[in-house]
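Let's take a walk through this fold together, starting at one helix and working back to the sheet. Keep the model open and turn it as you read.

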Amino acid sequence: MKATCTVLGIESSCDDTAAAVVRDDMGELGIMSSVVHGQDRLHKGFGGVVPEIAARAHAEKLDGTVAEALEQAGLTLSDLDAIAVTAGPGLIGGVMAGVMCAKGLSAATGLPLIGVNHLAGHALTPRLTDAVAYPYLMLLVSGGHCQFLVVRGAADFTRLGGTIDDAPGEAFDKVARLLGLPQPGGPSVETAAARGDPDRFRLPRPLADRADCNLSFSGLKTALLRARDDLVRAQGGLWQRDRDDLCAGFQAAVADVLAIKTRRALAIYGAEQPAVPVLAVAGGVAANTAIRRALQSVCAAADVGFVAPPLALCTDNGAMIAHAGIERLRLGLIDDLTLPARPRWPLDTAQPGMLGGGRKGAKA
Ligand code: KG4
Ligand code: ZN
């Protein structure tokens, strides 16, 4: 293996067409370029990502996005050591478009092809941004996923638990819809919550009394719906103060359950006696200040480091795929042109499948 290694990463598993070049120069990692083209405009008005529209847009955009990433890095295909691509999990049409693009590049150049699990891309990002050492505890909290992982290596993940129904971002989005607030729901609920009283509506802390690391957000959303309907019946509508208080109560409940379950996950992870214990978070929900603070204080109390990569690298991007590709390349984990595109692909196959785990299965 060369001391310097430069890998192109391609991501198209949901609604972002992304490509990036990452270089590992004797252990020094650098993002040489990262291009992300979102599809928000195309899906607006459909109430979510439409798989067929997403797949077609990826197929049309991928070549140009790869060319942009190479140009921004000042490189050509002949400067690369491998092509890494998200091979799942995700919306199958988009994943196939990415895998086909990567296979074409690999066949044309003779460069090794590396299939990357999208969740592994997220889970390994703290190594790219903060050089975090194995093993660390990872909390993925996005619009499509929620899980605790002990990350021991680029291909060694143990899932300690996760959501059994909705992902937290999905719950934020639904709550915003129930209260007539704009999408994406996370930021609008957070803004309203900052003005509200978290104690006016005492919403449940689902599964908090269970001694495992599993979470549930769907009952919380239903409890909020009931509180909203009671108010509407009693007073004929909702005042802004009501919305603010409902948002504050909901956000406090999410922060509480995440904190409670993080404490449990840290206890399990701590039993491995890591030399430098770290909790890392990724996903759009990790942008929430109240949630971030709750997690930070759990870590401070347990004397565990807290790492939250910059938001652009927490959400979907090609750099995380290129970086995971470098780690796999260093382990000799190379694929060939038979690499399949997989709509479902759990990181930890030793664990039983989750019922929900982010039912949309789209974004992770
Ligand atoms: O990771 P992400 O950008 O996309 C994926 O799901 O992969 O996460 C998007 C989700 C959305 O559901 C959005 O409402 C939520 O993250 N989100 C937030 C905040 N910002 C984004 N949730 C709570 N608070 C926020 N500030
Ligand atoms: Zn993702």
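Helices here are DSSP runs of H or I with at least four residues, numbered from the N terminus. With that in hand, one more thing before we start: this is a predicted model.

Go to the end of helix α4 and look at what comes next. The helix is followed by Ala131, and that residue has a positive phi, near 50°. At the other end, Asn117 acts as the N-terminal cap of α4, with a side-chain oxygen 2.8 Å from the backbone nitrogen of Leu119.

Now for the helix itself. It covers residues 118–130, and at 1.5 Å a residue those 13 residues should span 18 Å; the end C-alpha atoms sit 19 Å apart, so expectation and model agree. There is a kink to find along the way, though: α4 bends by about 40° at Leu124, with a proline, Pro126, following within four residues. Is this helix mostly covered or not? Covered, as it turns out, since 10 of its 13 residues count as buried under the cut-off of under 20% relative accessible area. Leu124 and Pro126 are both among the buried ones, and so are His118 and His122.

Step back from the cap and you're in strand β5, residues 113–117, where 5 of 5 residues are buried. Both of its faces are covered: Leu113, Gly115 and Asn117 point to one side, Ile114 and Val116 to the other, and all of them are buried. The chain gets to β5 from β4 by way of helix α3 (residues 92–109), making a right-handed β-α-β crossover.

What does β5 pair with, and in which sense? Its partner is β4 (residues 82–88), and the two are parallel over 5 bridges. To spot the register, find Ala84, which stands opposite Ile114 in β5.

Zoom out once more and you'll see the whole sheet. Strands of a sheet pair through backbone hydrogen bonds, either parallel or antiparallel. This one is open, has 5 strands in the order β3-β2-β1-β4-β5, and its pairing is mixed. β3 (28–38) and β5 are the edge strands with a single partner each, so one side of each has no neighbour in the sheet. On average, neighbouring strands are turned by 20° against each other, direction ignored.

Finish at the β3 edge. There β2 (residues 16–25) and β3 run antiparallel, joined by 10 bridges. One pair to look for is Ala19 with its bridge partner Val35 in β3.

Methods. Residues are numbered from 1 along each chain as its sequence is written. Chains are lettered from A and ligands numbered from 1 in the order in which they are written. This is a predicted model: local features need pLDDT of at least 70, side-chain atom pairs count only at pLDDT 80 or more; totals for chains, interfaces and linings use all residues. Side-chain values use heavy atoms; hydrogens and water are left out. The expected span of a helix is 1.5 Å times one less than its number of residues. The bend at a residue is the angle between axes fitted to the seven residues ending there and the seven starting there. Buried means under 20% relative accessible area, exposed over 50%, partly exposed in between (1.4 Å probe, protein chains only). A polar contact is a pair of N or O atoms within 3.5 Å; within protein, one must be able to donate a hydrogen and the other to accept it, and residues adjacent in sequence count only if both atoms are side-chain atoms. Two strands pair if DSSP finds at least two bridges between them. A crossover is right-handed if, with the strands pointing away from the viewer, the path from the first strand over the helix to the second runs clockwise. Axes are lines fitted to C-alpha atoms, for helices over the stretch in contact, and angles run from 0 to 180 degrees between N-to-C directions.
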